[in-house]
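Thank you all for coming; I would like to walk slowly through one model this morning. Please have the sequence and the picture open in front of you as I speak.

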Amino acid sequence: MLIVNVVGARPNFMKIAPVVKAMCRAGLPQVLVHTGQHYDERMSHLFFEQLEIPAPDLNLEVGSGSQALQTAEIMRRFEPVVVERRPDLVVVVGDVNSTLACALVAAKLGIAVAHIEAGLRSFDRTMPEEINRVVTDTLSDFLFVSERSGVENLRHEGVPDHKVHFVGNVMIDTLLRHRQAAAHSDILRRLGMDSGAPFALVTLHRPSNVDDPEKLRALLRALGELARDLAVVFPIHPRTHKNALEAGLEPELARLLITEPLGYLEFLHLMSNAKMVITDSGGIQEETTVLGVPCLTVRENTERPATIECGTNRLVGTDPTAMLAAARQALNGRRPSGRLPELWDGHAAERIVDILAQQFLAKAA
Ligand code: UD1
């Protein structure tokens, strides 16, 4: 009996960490494959260290590329691994290119696929992640769902009920486990922000927001305007940084407190203490919901509606003026109150592993 767990990009690491631990406890034999989609120390290795994930058994070192090139290269390098190891199951998480590529390889070799974070839908096919979600779910045998909307979406798509397991959110398992440790981070002092003055925390990296130089300029200018009211801390994603420099946007960046990408604990500490978070990330919408911090999502849609229905998330769209107005409103208005979505209780990975253990250990016995 063997399970291959796959990770590739930064948001995968928080999701796989509790799963690997729970599999260890349950005695499920596993190997961890890193595709190498993210490779910088601060986008990858640092997370293994802070989240205490064992080093990958294998790194495919695919690196960056266009959508097709990267996906194809992951497939090319993952196929021999599956052929050689003949696992009983390949586990993929989230919605990045590594998720799709490895699910596709496994399914074509007749190996069962488990998708953690299945069923989320933005209904926006211009996002590469939406295509990755839809295709991965189509190929999966175990669909582990983090919020109720996912169950509904899969039902509408005709996925049989016995494949769908509503288990809660593994990313929140990780947050709850590391919240205390993050509170000891000295990142605020290191940024010169330990006076207690309010600050906004920003992340932007969606191609639709940062790949068009004019769009990026306008968003950075709006954030620069906000910086008149409160400090704007922006740990900048390599994609965004590269695009900003190529477009000559140094003056726009200079009005913000720009840092390199941060580790998990440092970023969690900043989120916990921020007056508001402005983001186009998926996972951050969920994390701010649990932390009770106002989140302004710079997108037209979200695949995570529970963060709006239960949590502190607001879709503000991608128009820079509207984003600025929403941020000023959040600054002066009452802090929204939220509640936790169902099963976001720190035990999602255990539920997943219980289901897998029942299935596979029983069969092996
Ligand atoms: C990927 C995911 C996205 C996720 C994001 C989190 C897909 C389609 N996108 O987007 O869903 O939200 O990760 O970060 O899978 N780069 C580096 N160092 C690295 C990795 C990337 O400098 O370690 C730079 C390269 O210039 C690269 C660019 O960032 O071309 C984009 O990386 P890529 O993995 O293609 O996509 P992300 O924008 O990171």
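I will go from the domains to the sheet, and then to the empty spaces.

Before that, a word on the source: this is a predicted model, in which local features need pLDDT of at least 70 and side-chain atom pairs count only at pLDDT 80 or more, while totals for chains, interfaces and linings use all residues. Residues are numbered from 1 along each chain as its sequence is written, and side-chain values use heavy atoms, with hydrogens and water left out.

The chain is divided into domain 1 (3-168 + 344-364) and domain 2 (181-332), with bounds that come from an automatic or database domain assignment. Taken over C-alpha atoms, the centres of the two domains are separated by 27 Å, and their contact, meaning heavy atoms within 4.5 Å, takes 23 residues from domain 1 and 21 residues from domain 2.

Now to the sheet, where strands (E, at least two residues) and helices (H or I, at least four) are DSSP runs numbered from the N terminus, and two strands pair if DSSP finds at least two bridges between them. Seven strands form an open sheet with parallel pairing, in the order 3-2-1-4-5-6-7. Strand 3 (58-59) and strand 7 (164-166) each have a single partner strand, so one side of each is left without a neighbour in the sheet. Strand 1 (residues 3-7) pairs with strand 2 (residues 30-34) in the parallel sense over five bridges, and N5 stands opposite L32 in strand 2.

What about the empty spaces? On a 1 Å grid over the protein atoms alone, a cavity is a set of points where a 1.4 Å probe fits but cannot get out, a pocket is an open set with protein on both sides within 12 Å along at least five of seven lines, and lining residues have an atom within 4 Å of a point. Grid points are joined across faces, edges and corners, and a volume is the space filled by probe spheres set on the points.

The largest pocket holds about 1,200 Å³ of space; 49 residues line this pocket, and P11, H38, M43, H205 and H237 are the closest to its centre. Each of the two domains, domain 1 and domain 2, gives at least three residues to that lining.

By the same rule there is one cavity of 30 Å³ or more, and the largest cavity has about 40 Å³ of space. Strand 5 and strand 6 (142-145) are the elements that give two or more residues to its lining.
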